[in-house]
Amino acid sequence: MEATVTRTGTEGKTWGGGNDPLKVSYGKMMMWFFILSDALTFSGFLASYGFARYKFSNSWPIADEVFNHFPFMHGVDAPMYYVALMTFILIFSSVTMVLAVDAGHQMKKAKVTFYMLLTIIGGLIFLGSQAWEWKNFIKGTYGAIQTEGGNILQVVNKEGERVAIADFVTAMPRERVLHERSNGLWFVDEPGVAKYQVSDILAGFEANPNLLVRTQELTATGEKVVLTRQESMAKLQNEAVGVIEGANLHHNEYGNPLFADFFFFITGFHGFHVFTGVMINIIIFFNVLLGTYERRGSYEMVEKVGLYWHFVDLVWVFVFTFFYLV
């Protein structure tokens, strides 16, 4: 008795689930499904960011003041330059991926290898650049004073230029020692002792009459409110409770802490996608070198990973717009 074999329609290269208007392979169809679902995920994250920014629009950090670093140019105000360079590198890697796919259609192994290598290098440079951006964001540049209500106060001179706390404050000798697991509460190491205290800030501020306090609130023209000298002194004496340097998931020297939360989560999630894409590209690259796709007679795997790479680049355009431009 012969066994009955049920055909699903997916035995060949083209998807057989009924009428197929796209005429694409099963693998490419699944890649499109994944891209669609991932696009919805990123859309939810960016929509949440947009709602948060709208709600706290009067205290949101100014991107030009946050992302103004450039490698080997310490102290130079270069707003958005390095982020623009990162974006250009990632978009250019999409161009090299297109060239790799086109070379695969022409069965030109050498060109596929070359353009895949350039795509991998571009992805690695972008990841390194993003790590450098994170480092500067976490470390901070100027520092800020935190108030009782959780807001931050920044120090400027009379020309409105930011002044680093370390430039006018000298830390007083402290008897306070760092808690370690052996003597700390609940056997947990303390992250660190604050470098400056409020008394240090007040003493340094009083000794420099050229300094003023700038709040995180924005004016109608999008500039932060700068207090008078008398208002600045009163603000520090009555509301200052601590010093913040850099940004993390709890504090943010640039403004509203939600900005740092969204920045770490969304750019980190995108960075994970880029890292995954680089790893997959490396695997495909070695398969190209080994002649795997040459023997198959098709470079479709290069095309499928190319779809993912273009999606990652497109998402970055939206992330770049939301965090750095708007």
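**Entry 1: the overall pattern**

I read the protein along its sequence and noted the pattern α-α-α-α-β-β-α-β-β-α-β-α-α-α. I recorded that the model is a predicted one. My tally of its elements gave nine helices and five strands.

I then looked up totals. The protein has 326 residues, and 43% of them are buried. Its accessible surface comes to about 18,200 Å², and carbon and sulfur atoms account for 63% of that area. I also examined contacts between residues at least 6 apart in sequence, and found that 68% of these join residues at least 24 apart.

**Entry 2: the sheet**

I asked in what order the five strands lie in the sheet. The order is S4-S3-S2-S1-S5, the sheet is open, and the pairing is antiparallel. Its edge strands are S4 (224-226) and S5 (240-244), each of which pairs on one side only. On average, neighbouring strands of this sheet are turned by 40° against each other, direction ignored. As background, I noted that strands of a sheet pair through backbone hydrogen bonds, either parallel or antiparallel.

I followed one pairing in detail. Strand S3, residues 211-218, pairs with S4 in the antiparallel sense over two bridges. In this pairing I located arginine 214, which stands opposite valine 226 in S4.

Next I looked for a helix lying across the strands. Helix H5, residues 198-206, lies across S1 (144-147), S2 (152-157), S3 and S5. With S5, helix H5 makes an angle of about 90°.

**Entry 3: salt bridges**

I recalled that side chains of opposite charge can pair when their charged atoms come close. I recorded a count of four salt bridges in the protein, and I describe three entries below.

I returned to arginine 214 and asked which residue its side chain meets in a salt bridge. The partner is glutamate 65, at 3.0 Å from N to O. Arginine 214 belongs to strand S3 and glutamate 65 to helix H2 (residues 63-66), so this pair ties together parts that are 149 residues apart in sequence. Are the two partners buried or exposed? Arginine 214 has 6% relative accessibility and counts as buried, because the cut-off for that class is under 20%. Glutamate 65, at 26%, is partly exposed.

I turned to lysine 28, which forms a salt bridge with glutamate 303; their closest N and O atoms are 3.0 Å apart. Lysine 28 lies in helix H1 (residues 26-55) and glutamate 303 in helix H9 (residues 300-325), so the pair ties together parts that are 275 residues apart in sequence. Lysine 28 is buried, with a relative accessible area of 15%.

A further salt bridge lies within helix H9. There the side chains of lysine 304 and glutamate 300 meet at 4.0 Å, N to O. How far apart are these two residues along the helix? They are four residues apart, and therefore separated by about one helical turn. I found lysine 304 buried, with a relative accessible area of 17%, and glutamate 300 buried as well, at 15%.

**Entry 4: a nonpolar patch**

Finally, I looked at the surface. Leu85, Phe88, Phe92, Val95 and Leu99 form a nonpolar patch there, and together they have about 450 Å² of accessible area. I chose one of these residues, leucine 85, and placed it in helix H3, residues 81-105. Its relative accessibility is 35%, so leucine 85 counts as partly exposed.

Key: Residues are numbered from 1 along each chain as its sequence is written. This is a predicted model: local features need pLDDT of at least 70, side-chain atom pairs count only at pLDDT 80 or more; totals for chains, interfaces and linings use all residues. Side-chain values use heavy atoms; hydrogens and water are left out. Two strands pair if DSSP finds at least two bridges between them. Axes are lines fitted to C-alpha atoms, for helices over the stretch in contact, and angles run from 0 to 180 degrees between N-to-C directions. Contact means heavy atoms within 4.5 Å. Patches are made of residues with over 30% relative accessible area and no salt bridge: like charges are joined within 9 Å, nonpolar side chains (Val, Leu, Ile, Met, Phe, Trp, Tyr) within 5 Å. Accessible areas come from the Shrake-Rupley method with a 1.4 Å probe; for residues, only the protein chains shown count as cover. Buried means under 20% relative accessible area, exposed over 50%, partly exposed in between (1.4 Å probe, protein chains only).
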